[in-house]
Amino acid sequence: LRSADSGVSSSFPSNFLFGTASSSYQFEGAYLSDGKGLNNWDVFTHTPGNIADGTTGDIAVDHYNRYQEDLDLMSRIGVNSYRFSISWSRILPKGRFGGVNQAGIVHYNNLINELLQRGIQPFVTLTHYDIPQELEERYRAWLSPQIQEDFRYYAEVCFISFGDRVKHWVTFNEPNVAAIRSYRSGIFPPSRCSGSFGNCSHGDSETEPYIAGHNMILSHAAAVNLYRTKFQVTTTHFPPRMLGIFNLLMKFNVQKEQGGSIGLVLNALWYEPISDSTEDQLAVERALAFFMNWFLDPAIFGRYPEEMRQVLGPKLPEFSSYESRLLKRIGLDFIGINHYTSFYIKDCMFSSCEQGPGASKTEGLALRLEQKNGSYIGEPTAVDWLFVYPRGMEKIVTYIKERYNNVPMFITENGFGQTRDILNDVRRVDYMSSYLDALETAVRKGADVRGYFAWALLDNFEWTSGYTTRFGLYQVDFPSLKRIPRLSATWYKNYIENFIFKVATRGASSL
Ligand code: GBH
């Protein structure tokens, strides 16, 4: 077992954020409390057959009511940041087609204030898969450009209400996963897919993921543009000598400068080519383009990756030149990376492939494999998609650093799932320790990484797996909802303590 101290010094900067991550639907419960509207996941989990163990997030781990206790657990670990998401339908039960639910505003105000009192910075995601059901029913949500106006309006309510205290905003959690699972495989609401991609009665797996993704990118842009022009800094200053009635008027019109930053979180897999052939290496580039750069290229360069344009042709929507310029101009303050695992990739463009994930044109003609010559890319785990391959952390961070000109990065999720109750979770400790070491290596080589969030503080509702898969540093017993520390909670506490010690004694060895 690795100790929490893997060296005399740390490569992370002294203001590095260490935290845990969560999301509203997976943690909060209280699905009908205090005026919250129904969201797409409420409806989906209440439809039989969608969730492995037939459970819902109605109660989840009751974080809505127990947040003070949970913040105390965070204080005990010693984190300086907490990543959580706001439930859109708790703030706007009917989107922009109804009022603001004040009780929702009060709840997140309390949460944020209690965090700040404990010296923990809020790191806030606007949407982590859950959206008001109203938007599905009115215009099919992400399939309609109308959602851009809803998202912009929701973002504005959040910036006005919480932006004086929230200095890290994320527009979307994993729009790549959301678009694929909702519109290609159909395993997330609104359960749309076609052909061999899944078992759905509506949808088109070859086009709808890209339409939804397009509307997500433009919704993201609308929120970032709003933040830049109205909240982040006041851009409309006239020179002081012209200070007069105009600036005075602007003072009343423009919000106080909030000075925070805004970014986007992607799920990022690392890929190793199954062979050294040029074809397989090109396939790795396509796999990255079709999963991650699909969103990052537009958000930073204002256009889709060339590989996608080539393979998809007219099935990929286009940005107008106005949209493209806007995206490029507003850019991103940081990239959030949710990284857990890696896969091998085999080319399916120049050679033929058996069926499998990635093998179709829609997925980039890059077949995703778990094994090479009969051995796994990394130690398999109880979670079918999770293999322990710490080198992938170093490589994905380095790849993003190089492609996007070393834009600041946060590891917004990293964690280890188990399917049984294990308090002595040595495998989770080993996983976190080795992934953090690999992250340090990337930082030592120049990557601008500013924080790490463990998924998750508590066991929680793991989407279609229900409560069968457990990612918590704390075990949650059901139905009592009692929180019990695992070994990993103590290990993370020691790791952070050691980091603080190393930072405090930095440079001391050279004296
Ligand atoms: C994250 O999703 C979520 O943000 C978080 O809510 C969730 O609880 C956490 O991870 C743990 O699952 O088998 O083709 O899907 C990660 C979802 C699942 C996306 C695995 C990438 C791997 C390839 N990821 N998936 S595939």
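Tutor: Let's start with a term: a polar contact is a pair of N or O atoms within 3.5 Å; within protein, one must be able to donate a hydrogen and the other to accept it, and residues adjacent in sequence count only if both atoms are side-chain atoms. This is a predicted model, where local features need pLDDT of at least 70, side-chain atom pairs count only at pLDDT 80 or more, and totals for chains, interfaces and linings use all residues. Residues are numbered from 1 along each chain as its sequence is written, and side-chain values use heavy atoms, with hydrogens and water left out.

Student: What makes Tyr 340 and the ligand a polar contact?

Tutor: An N or O atom in the Tyr 340 side chain is 3.1 Å from an oxygen atom of the ligand. The limit is 3.5 Å, so the pair counts. Gln 26 offers another such pair, at 2.7 Å from a ligand oxygen, and Arg 181 one at 2.5 Å.

Student: How much of the ligand does the protein bury?

Tutor: The protein buries 88% of the 570 Å² that the ligand exposes when taken alone. Such areas come from the Shrake-Rupley method with a 1.4 Å probe; for residues, only the protein chains shown count as cover.

Student: Why is Phe 295 called buried?

Tutor: Its relative accessible area is 1%. Buried means under 20%, exposed over 50% and partly exposed in between (1.4 Å probe, protein chains only), so Phe 295 is buried.

Student: Which residues does Phe 295 touch, apart from neighbours within four places in sequence?

Tutor: Its contacts (heavy atoms within 4.5 Å) include Pro 175, Met 216 and Leu 264.

Student: Why is the pair Phe 12 and Phe 18 called edge-to-face?

Tutor: Rings of Phe, Tyr and Trp (its six-membered ring) pair if their centres lie within 6.5 Å; planes under 30 degrees apart count as stacked, over 60 as edge-to-face and the rest as tilted. The centres of Phe 12 and Phe 18 are 6.1 Å apart and their planes are at 75 degrees, so the pair is edge-to-face. Phe 12 is buried at 1%, and Phe 18 is buried at 2%.

Student: What makes Trp 41 and Phe 188 edge-to-face?

Tutor: Their rings are 4.9 Å centre to centre, with 80 degrees between the planes. Trp 41 lies in helix 2 and Phe 188 in the loop between helix 8 and helix 9, so the pair ties together parts 147 residues apart in sequence. Helices here are DSSP runs (H or I, at least four residues), numbered from the N terminus.

Methods. Helices (H or I, at least four residues) and strands (E, at least two) are DSSP runs, numbered from the N terminus.
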